[in-house]
Amino acid sequence: MGMAETGNKIEFMKRTILITGGAGFIGSHVVRRFVNKYPDYLIINADKLTYAGNLENLTDIENKTNYRFEKMDIVNKQQVLDLFKKYHFDGVIHLAAESHVDRSITGPDEFVFTNIVGTVNLLNAALGIWKDQPEGKRFYHISTDEVYGSLGAEGLFTETTPYDPKSPYSASKASSDHLVRAYKNTFKLPVVISNCSNNYGPNQFPEKLIPLVINNIRNNKPIPVYGKGENIRDWLFVEDHASAIDIIFHSGKTGETYNIGGENEWKNIDLIKLLCNIMDKKLGRQSGSSEKLITYVKDRAGHDMRYAIDSSKLTRELGWSPSLDFEHGLEKTVDWYLTNQKWMERIISGDYEKYYDQQYNKR
Ligand code: NAD
Ligand code: TYD
């Protein structure tokens with residue numbers, strides 16, 4: 001066991017790292033990266049396995065000796081304390097959250113419990129075991145660009161953009177970010193935060209735009225476009241988010257915030273048409289046939305117009321940049337969903353159907 005701190009870079013040797021929400025979309029990519037890349041770390045994946053958590057995402061690494069799974073609820077204070085007592089973590093990468101804006105509109109409570117109360121439980125537990133020896137420890141909170149609110153046609157979110165969350169989801173994430181910073185300021189907890197733009201890639205739950213569109217095209221179902229389809233998102237391939245998390249966890253400066261983005265803005269309708277094109281080719285369908293599925297539906301309440309991230313601080317200070325251009329990333333993503341149809345079928349055969357019906361057929 002050992003740890004060396006050289007400048008701001010923390011080199012962990014034989015460290016025990018907690019990753020919360022590791023069975024979810026982004027978390028599973030982070031867990032895989034850490035388990036494979038750092039054989040000396042013991043990686044504990046703690047996850048409640050909500051509708052969004054799926055251990056099938058991790059079958060390739062589940063038997064590795066440096067990996068353990070713990071089913072637990074971060075809202076349950078005792079479970080969190082017991083977990084910290086059992087493992088004495090050296091670092092925490094906190095991804096567990098309720099993550100879907102539409103669900104936060106129909107049921108905000110769960111977002112308050114998991115995203116706010118759950119985060120406070122983890123902060124308290126980390127403080128409890130690290131307060132006498134905070135050196136070399138790190139609580140890394142993963143957040144979203146949605147905390148900054150909505151942009152007009154111009155400008156980018158920077159790390160100093162004032163918070164202005166507009167949905168129950170983004171408000172709960174903003175609240176958790178404030179709490180993380182308050183624990184740094186008040187209790188000197190060694191924290192670091194990153195705020196990332198929209199992710200896409202393998203293993204994303206099909207309530208989110210890209211896997212939903214891929215799945216609907218495959219099944220010849222209408223593609224629901226909210227409003228006029230003119231809202232803009234900045235898309236980043238999930239493995240590039242995982243690589244940014246790796247760099248920030250090891251080299252980020254304590255107390256700092258880093259924005260992560262793809263410099264890749266797309267109007268929803270243009271992105272959907274690009275996906276239609278790719279799907280036509282992959283499925284051997286006549287060009288233009290998927291576009292016929294596009295259906296404009298009632299807009300999301302309080303729908304944020306535009307998100308776009310300035311990630312120059314992360315590039316300048318820590319040398320990160322995205323590895324994949326969007327068209328290649330999307331092709332890779334479509335290929336993954338088409339070759340992993342069983343993964344998708346198992347998901348959409350359960351509660352998903354009920355959710356889909358409520359969200360799209362009874363609006
Ligand atoms: P996800 O919904 O796919 O996964 C969330 C995971 O958290 C699931 O495995 C779920 O079981 C687990 N979880 C939920 N409630 C829990 C609880 N009470 N206790 C323990 N585990 C619980 O989410 P995601 O898209 O992978 O997002 C992960 C994190 O990244 C979130 O904090 C989210 O705010 C943030 N983020 C997401 C995006 C994006 O585009 N998806 C962008 C920026 C930031
Ligand atoms: P989503 O993937 O839910 O991410 P977020 O709301 O966190 O950005 O949605 C991405 C964009 O796509 C957003 O502007 C809403 C829109 N959208 C649709 O037009 N139709 C859909 O069925 C979904 C799920 C999203």
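Modeller: Start with a definition. Helices (H or I, at least four residues) and strands (E, at least two) are DSSP runs, numbered from the N terminus. This is a predicted model: local features need pLDDT of at least 70, side-chain atom pairs count only at pLDDT 80 or more, and totals for chains, interfaces and linings use all residues. Residues are numbered from 1 along each chain as written, chains are lettered from A and ligands numbered from 1 in written order, and side-chain values use heavy atoms, without hydrogens and water.

Biologist: Which element gives the largest share of the shell around ligand 1?

Modeller: Strand 7, with 3 residues.

Biologist: What makes a residue near a molecule?

Modeller: One of its heavy atoms must lie within 4 Å of that molecule. Ligand 1 is surrounded by 29 residues, and the closest are Ile26, Asp47, Ser99, Tyr169 and Lys173.

Biologist: Why is the pair between Asp47 and ligand 1 called a polar contact?

Modeller: A polar contact is a pair of N or O atoms within 3.5 Å; within protein, one must be able to donate a hydrogen and the other to accept it, and residues adjacent in sequence count only if both atoms are side-chain atoms. An N or O atom in the Asp47 side chain is 2.5 Å from an oxygen atom of ligand 1, so the pair qualifies. Tyr169 has a side-chain N or O atom 2.7 Å from a ligand 1 oxygen. For Asp73, the partner is a nitrogen atom of ligand 1, at 2.8 Å.

Biologist: How much of ligand 1 does the protein cover?

Modeller: It covers 97% of the 840 Å² of accessible area that ligand 1 has on its own. Such areas come from the Shrake-Rupley method with a 1.4 Å probe; for residues, only the protein chains shown count as cover.

Biologist: How do you know which shell residues of ligand 1 are nonpolar, polar or charged?

Modeller: Ala, Val, Leu, Ile, Met, Phe, Trp, Tyr, Cys and Pro count as nonpolar, Asp, Glu, Lys and Arg as charged, and the others, Gly among them, as polar. That gives 14 nonpolar, 11 polar and 4 charged residues around ligand 1. The shell around ligand 2 has 8 nonpolar, 5 polar and 5 charged.

Biologist: What makes the Glu146 pair with ligand 2 a polar contact?

Modeller: A polar side-chain atom of Glu146 lies 2.6 Å from an oxygen atom of ligand 2, so the pair is within the limit. Arg233 has a side-chain N or O atom 2.7 Å from a ligand 2 oxygen. For Asn198, the distance is 2.9 Å.

Biologist: Which element gives the most to the shell around ligand 2?

Modeller: Strand 10, with 3 residues.
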